[in-house]
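Here is a friendly walk through one protein chain, meant to be read with the viewer open. Please keep the sequence at hand as well.

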Amino acid sequence: MKIVCITNTDGHGNIDAMYLTIGKCYETINVLADSYQYYYIIDDSGNEEGGYYRERFVTLDLYREMQIDKLIT
């Protein structure tokens, strides 16, 4: 599944996911039964061992809709 990063901060404005690029599309990998809170991706450093919170991403389809909404409003 293709997902797009929408934030790399911890909710307090501190960048804590420095290997994610806002607006970049990532492909999910290693979909595990217990990974309902995380997406496993290959990040910008080439690391594929850790998961990132799902709240940092939206699906590619939703991201496209969000971008269109920005243009028409």
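Y26, Y39 and F57 are linked into a cluster by ring pairs. Keep in mind that the model is predicted. Across the whole structure, the search for aromatic pairs returns three. One of these is the pair of Y39 and F57, which meet edge-to-face, with 5.8 Å from centre to centre and 80° between the planes. Y39 sits in strand β3 and F57 in strand β5 (residues 57-59), so this pair ties together parts that are 18 residues apart in sequence. Buried or exposed, which are Y39 and F57? Both are buried.

**The core around the rings**

The three residues of the ring cluster, Y26, Y39 and F57, reappear in the largest nonpolar core. That core has nine residues, and the others are I3, C5, A17, L20, I41 and Y52. In soluble globular proteins, nonpolar side chains tend to be buried together.

I41 is a good residue to select if you want to see the core from within. Leaving aside residues up to four places away in sequence, I41 touches I3, L20, Y26, E27, T28, I29, N47, E48, G50, Y52 and F57. Several of these names belong to the core, including I3, L20, Y26, Y52 and F57.

T28, one of the residues that I41 touches, is found in the loop between β2 (25-27) and β3 (38-40). Why does T28 count as buried? Its relative accessible area is 12%, and buried means under 20%. With residues up to four places away in sequence again left out, T28 touches M1, I3, Y39, Y40 and I41.

**Charged pairs**

Side chains of opposite charge can pair when their charged atoms come close. How many salt bridges does the model hold? The count comes to three, and they are set out here.

| Salt bridge | N to O distance |
|---|---|
| K2 and E27 | 3.5 Å |
| D16 and R56 | 3.1 Å |
| K24 and D44 | 2.8 Å |

Let us take them in turn. K2 and E27 meet through their side chains in a salt bridge. K2 lies in strand β1 and E27 in strand β2, so the pair ties together parts that are 25 residues apart in sequence. K2 has a relative accessible area of 45%, so it is partly exposed. E27 is partly exposed too, with a value of 39%. E27 is also among the residues that I41 touches.

In the second pair, D16 forms its salt bridge with R56. This pair links distant parts of the chain, with D16 in the loop between β1 and β2, R56 in the loop between β4 (51-53) and β5, and their positions 40 residues apart. Here the two partners fall into separate classes of exposure: D16 is partly exposed at 45% relative accessible area, whereas R56 is buried at 8%.

The third salt bridge joins the side chains of K24 and D44. K24 belongs to the loop between β1 and β2, and D44 to the loop between β3 and β4, so the pair ties together parts that are 20 residues apart in sequence. Both ends are partly exposed, K24 with a relative accessible area of 36% and D44 with 32%.

**A nonpolar patch on the surface**

On the outside, I6, L62 and M66 make a nonpolar surface patch of about 210 Å². I6 has its place in the loop between β1 (2-5) and β2. With a relative accessibility of 33%, I6 counts as partly exposed.

**The chain as a whole**

Now zoom out. The chain has one helix and five strands, and along the sequence they follow the pattern β-β-β-β-β-α. The C-alpha trace spans about 40 × 25 × 20 Å along its principal axes. Of the 73 residues in the chain, 26% are buried.

How much of the contact list joins residues 24 or more positions apart? Such residues account for 39% of the contacts with a separation of 6 or more. Finally, the accessible surface of the chain comes to about 5,200 Å², and carbon and sulfur atoms make up 54% of this area.

Methods:
Residues are numbered from 1 along each chain as its sequence is written. This is a predicted model: local features need pLDDT of at least 70, side-chain atom pairs count only at pLDDT 80 or more; totals for chains, interfaces and linings use all residues. Side-chain values use heavy atoms; hydrogens and water are left out. A nonpolar core is a set of buried Ala, Val, Leu, Ile, Met, Phe, Trp, Tyr and Cys residues joined through side-chain atoms within 4.5 Å. Buried means under 20% relative accessible area, exposed over 50%, partly exposed in between (1.4 Å probe, protein chains only). Contact means heavy atoms within 4.5 Å. Helices (H or I, at least four residues) and strands (E, at least two) are DSSP runs, numbered from the N terminus. Patches are made of residues with over 30% relative accessible area and no salt bridge: like charges are joined within 9 Å, nonpolar side chains (Val, Leu, Ile, Met, Phe, Trp, Tyr) within 5 Å. Accessible areas come from the Shrake-Rupley method with a 1.4 Å probe; for residues, only the protein chains shown count as cover. A salt bridge is a side-chain nitrogen of Lys or Arg within 4 Å of a carboxyl oxygen of Asp or Glu. Rings of Phe, Tyr and Trp (its six-membered ring) pair if their centres lie within 6.5 Å; planes under 30 degrees apart count as stacked, over 60 as edge-to-face and the rest as tilted.
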